[in-house]
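Colleague: I would like a close look at a single part of this model, taken slowly and with its surroundings. Please keep the answer connected rather than listing items.

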Amino acid sequence: MDEALFGSPPVTVAPGAVHLPGWLSPQTQADLVRRCREWARGPAGMRRHPMPRGGRMSVSMVSLGWHWQPYSYARELPDGTPVQPFPDLLGDLAARAVEAAHGAPHRGDPYDVALVNFYDADARMGMHQDRDERSRAPVVSFSLGDSCVFRFGNTETRNRPYTDVELRGGDLFVFGGPSRMAYHGVPRTRPGSADPGLGLTGRLNITVRASGLQD
Ligand SMILES: O=C(O)CCC(=O)C(=O)O
Ligand SMILES: [Fe+2]
């Protein structure tokens, strides 16, 4: 499998933030969807996390390697269930993704956590920073199924200036370096836009990160 055969040239959205449209082969997309379904099933499967100030996230999530929920990482879920392991497959894919995006191999902290997000037609993600990792290794994001508007902002505020990027199923987005702490979010998805051949209703996003944490 050679992901380089697919997609179009990288687009630099901000320094250190690179969008590679169609980077995942159709076969890898199908394989990832199948695996996401297994991870979602659990134990320690997919759920909508409560927010500290009340309510729940509209996005459903499952964590691998380290369990994340607002706003910290742990090896176990609040009910004591151990988090599912971080799969080598995602570590390998993330390493190839960083090399494709930044033109140099990843030499920093090892990738050891993945958050799998599922968006139904109504789900959104507000502007936030990925700031619970101790490592500043780039965040690697893979999108599957429905397209979305991915709002990529600045490191200072959750407001303008930002760039709205259309992320489609199969796209890769990597943000590191000066963009590692940029605010970003998903104001909307485009229900029904997924490739019908994938058999996925909705949108999946997998972010692979280096926690920089030790037990
Ligand atoms: O769904 C996306 O594209 C972004 C997800 C995200 O920002 C996150 O999981 O922290
Ligand atoms: Fe994020």
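Leaving aside its neighbours within four places in sequence, with which residues is isoleucine 206 in contact?

Modeller: Since this is a predicted model, I would begin with the confidence values: the mean pLDDT of the protein chain is 96, with 98% of its residues at 70 or more, and for the complex the predictor reports an ipTM of 0.99 and a pTM of 0.97. Where pLDDT is low, predicted coordinates should not be read in detail.

Turning to your residue, and setting aside neighbours within four places in sequence, isoleucine 206 is in contact with Leu32, Leu90, Ala114, Val116 and Phe142. Isoleucine 206 belongs to the largest nonpolar core, which has 50 residues, and it is listed there with Ala94, Ala97, Ala114, Leu172 and Val174 as the members that touch the most other members. Ala114 therefore appears twice in this picture, as a contact of isoleucine 206 and as another of those members of the core. In soluble globular proteins, nonpolar side chains tend to be buried together.

On either side of isoleucine 206 in the sequence, Asn205 and Thr207 are among the residues around ligand 1, a group that also includes Leu115, Asn117, Ser141, Ser143, Leu167 and His184. At least two residues of this shell come from each of strand S6 (113-119), strand S8 (139-145), strand S12 (184-190) and strand S13 (203-209), and by class the shell consists of five nonpolar, six polar and one charged residues.

One member of the shell, serine 143, sits in strand S8 and is buried, because 26 other C-beta atoms lie within 10 Å. Beyond its neighbours within four places in sequence, serine 143 is in contact with Leu167, Arg168, Gly169, Asp171, Arg203 and Asn205; of these, Leu167 and Asn205 are also found around ligand 1. The C-alpha atoms of serine 143 and glycine 170 are 5.6 Å apart, although 27 residues separate the two in sequence.

As for the wider region, the unreviewed UniProt entry carries the annotation "domain: Fe2OG dioxygenase" for residues 110-212, and over residues 110-212 the chain is 0% helix and 46% strand, with the end C-alpha atoms 8 Å apart. Glycine 176 is found in the loop between strand S11 (172-175) and S12, yet this glycine counts as buried because it has 20 C-beta neighbours inside 10 Å, and 20 is the number at which a residue is called buried. Apart from neighbours within four places in sequence, glycine 176 is in contact with Gly16, Ala137 and Pro138.

Conventions. Residues are numbered from 1 along each chain as its sequence is written. Chains are lettered from A and ligands numbered from 1 in the order in which they are written. This is a predicted model: local features need pLDDT of at least 70, side-chain atom pairs count only at pLDDT 80 or more; totals for chains, interfaces and linings use all residues. A residue is near a molecule or strand if its C-beta atom, placed from the backbone, lies within 6 Å of it. Helices (H or I, at least four residues) and strands (E, at least two) are DSSP runs, numbered from the N terminus. Ala, Val, Leu, Ile, Met, Phe, Trp, Tyr, Cys and Pro count as nonpolar, Asp, Glu, Lys and Arg as charged, and the others, Gly among them, as polar. UniProt positions are given in the numbering used here, feature names are shortened, and annotations may be inferred rather than shown by experiment. pLDDT is the predictor's confidence in each residue, from 0 to 100. A nonpolar core is a set of buried Ala, Val, Leu, Ile, Met, Phe, Trp, Tyr and Cys residues joined through C-beta atoms within 7 Å. A residue is buried if 20 or more other C-beta atoms lie within 10 Å of its own, exposed if 12 or fewer, and partly exposed in between; C-beta atoms are placed from the backbone. Two residues are in contact if their C-beta atoms, placed from the backbone, lie within 7 Å.
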